[in-house]
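Hi everyone, thanks for making time. I'd like to walk you through one structure, so let me put it up on the screen.

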Amino acid sequence: MPAQRAVHAKAPGKINVFLKVGTLSPDGYHDVAIAYQAVSLYEEVRVVEADDFSVEVSGTVELSRVPTDGANIAIKAARLLAARTGYPRGAHIELAKHVPVTGGMGGGSADAAATLLACDALWGTELPREEMLDLARKLGADVPFAFTGGTAIGTGRGDELSPALAQGTFHWVLALADFGLPTPAVYRELDEHRERHAQDIFPADPRPLVDNDVLQALRAGDPHMLANAMHNDLQAPALHLEPSLADVLELGEQNGALAGIISGSGPTVAFLAADVDSALELQVALSASRLNVVRANGPVHGARVVGE
């Protein structure tokens, strides 16, 4: 009996080095302005042909919050591709997760992007790239960036992407939490914070933009410039929900980080280091303080098929 054909793909997690959140729209969403950077923590996907859709999950991160039924975004991605292309069968999806779960680094989005590519290759459906990106947008605001990778500016809901000129390599040390912060809860806290405080004095921009200082720092490949320009509107609400993250931020900056920022809606804290040696020293120092930390660098490529 011939061996079952399989396709392997991977897609990166991301750090939002800048995130501005606009006002709440009547449809319940916010316009955002994001500077994304894909980093070298990858979700790995292996798909094999099957009569139905199923998922199996393993990895190096906490997995208890990862659904293993039709609610899993990888199954949603595979079903969506099958519906778009008329593929009559299914796929068994094996996920090896290395990006923190509900950690603000787009792990689920990377699962979706890698699954789209792997199933397309396995089934031979050969969907054009623009149609693939259209499916990615339907799956979530961060999925198109997991598909493209590199460095990009996201506007609208974060899914309207334009490439950002960037050079060099940025070195990050990521402090991983043993808990998650659901994105809707953090946005809700932001909205409530804005209602509690005088937004007529500090109004939210309904159509936010990425600051020029961020774009210049990325173009220059200068970590010191980027450290001074990083910003996240979701950091204050995340800290309000999980005050212990303030201690993590302080500890990293005391141990040589150029700057720390909560990635996305958190709770992962991303520390920017001056160079690879500084990142190694910071990793050792934070590990000695019993934090769970990993090193990563960026930018890296987006989703790729890596073998069959």
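Let's start in the middle: which residues of the largest nonpolar core touch the most other members? Before I answer, please keep in mind that this is a predicted model. The residues are Val-47, Leu-81, Ile-93, Leu-116 and Trp-123, out of 38 in that core. Quite a list of elements gives two or more residues to it: strand E1, which is 6-24, then E2, E3, H1, E4, H2, H3 and H4. H2 brings the largest share, with ten residues. There's also a second core, separate from that one, with 29 residues, and among them are Ala-38, Leu-234, Val-248 and Ala-279.

Let me zoom in on Ile-93 for a moment. What does Ile-93 touch, if we skip its neighbours within four places in sequence? Its contacts include Val-45, Arg-46 and Val-47, then Ser-54, Val-55 and Glu-56. Ala-74, Ile-75, Ala-78 and Thr-115 are in contact with Ile-93 as well.

Two of those names, Ala-74 and Ile-75, take us to helix H1, because they are among its buried residues. H1 runs over residues 73-85, so here's the simple geometry. There are 13 residues, and from the first C-alpha to the last the helix reaches 18 Å, close to the 18 Å expected at 1.5 Å a residue. Which residues of H1 are buried? They are Ile-73, Ala-74, Ile-75, Ala-77, Ala-78, Leu-81 and Ala-82. A bit of background helps with that spacing: an α-helix has 3.6 residues a turn, so residues three or four places apart point the same way. As for what sits on the other side, the buried residues of H1 pack against E3, strand E4 at 90-97, H2, helix H3 at 129-139, and H4.

Now look at the two ends of H1. At the start, Asn-72 has a side-chain oxygen that reaches to within 2.8 Å of the backbone nitrogen of Ala-74. Asn-72 itself is in the loop between E3 and H1. Is Asn-72 buried or exposed? It counts as buried, because its relative accessible area is 3%. Beyond its close sequence neighbours, within four places, Asn-72 is in contact with Val-55, Val-57, Val-66, Pro-67 and Leu-95. After the helix comes Gly-86, with a positive phi near 75°.

On to the aromatics. How many aromatic pairs does a search of the whole structure find? Three. One of them is Tyr-36 with Phe-145, and this pair is stacked, at 4.5 Å centre to centre with 10° between the planes. Tyr-36 is in strand E2, residues 30-50, and Phe-145 is in helix H4, residues 143-148, so the pair ties together parts that are 109 residues apart in sequence. Tyr-36 is buried at 1% relative accessible area, and Phe-145 is buried at 1% too.

Then there's Phe-53 with Trp-123. Their ring centres are 6.4 Å apart and the planes are at 75°, so we call this one edge-to-face. This pair also links distant parts of the chain, with Phe-53 in strand E3, residues 53-59, and Trp-123 in helix H2, residues 107-123, which puts them 70 residues apart. Both residues are buried. Add Tyr-87, and Phe-53, Tyr-87 and Trp-123 form one aromatic cluster.

Some rings have charged company instead. The charged end of Lys-10 sits over the ring of Tyr-42, 4.1 Å from the centre. Arg-157 does likewise over the face of Tyr-29, at 3.9 Å from the ring centre.

Last stop, the backbone. Most residues other than glycine have a negative phi, and most peptide bonds are trans. Where do we find cis bonds here? There's one from Gly-266 to Pro-267, with omega near 10°, and Pro-267 is in the loop between strands E9 and E10. Another goes from Gly-298 to Pro-299, with omega near 0°, and Pro-299 lies in the loop between E11 and E12.

For positive phi outside glycine, take Thr-102, near 45°, in the loop between E4 and H2. Thr-102 is partly exposed, at 35% relative accessible area. Arg-290 has a positive phi near 70° and is found in the loop between helix H10 and E11. With 81% relative accessible area, Arg-290 is exposed.

That's my tour, thanks for listening.

Notes
Residues are numbered from 1 along each chain as its sequence is written. This is a predicted model: local features need pLDDT of at least 70, side-chain atom pairs count only at pLDDT 80 or more; totals for chains, interfaces and linings use all residues. Side-chain values use heavy atoms; hydrogens and water are left out. Rings of Phe, Tyr and Trp (its six-membered ring) pair if their centres lie within 6.5 Å; planes under 30 degrees apart count as stacked, over 60 as edge-to-face and the rest as tilted. Helices (H or I, at least four residues) and strands (E, at least two) are DSSP runs, numbered from the N terminus. Buried means under 20% relative accessible area, exposed over 50%, partly exposed in between (1.4 Å probe, protein chains only). A charge sits over a ring if NZ of Lys or CZ of Arg is within 6 Å of the ring centre and within 35 degrees of the ring normal. The expected span of a helix is 1.5 Å times one less than its number of residues. Contact means heavy atoms within 4.5 Å. A polar contact is a pair of N or O atoms within 3.5 Å; within protein, one must be able to donate a hydrogen and the other to accept it, and residues adjacent in sequence count only if both atoms are side-chain atoms. A nonpolar core is a set of buried Ala, Val, Leu, Ile, Met, Phe, Trp, Tyr and Cys residues joined through side-chain atoms within 4.5 Å.
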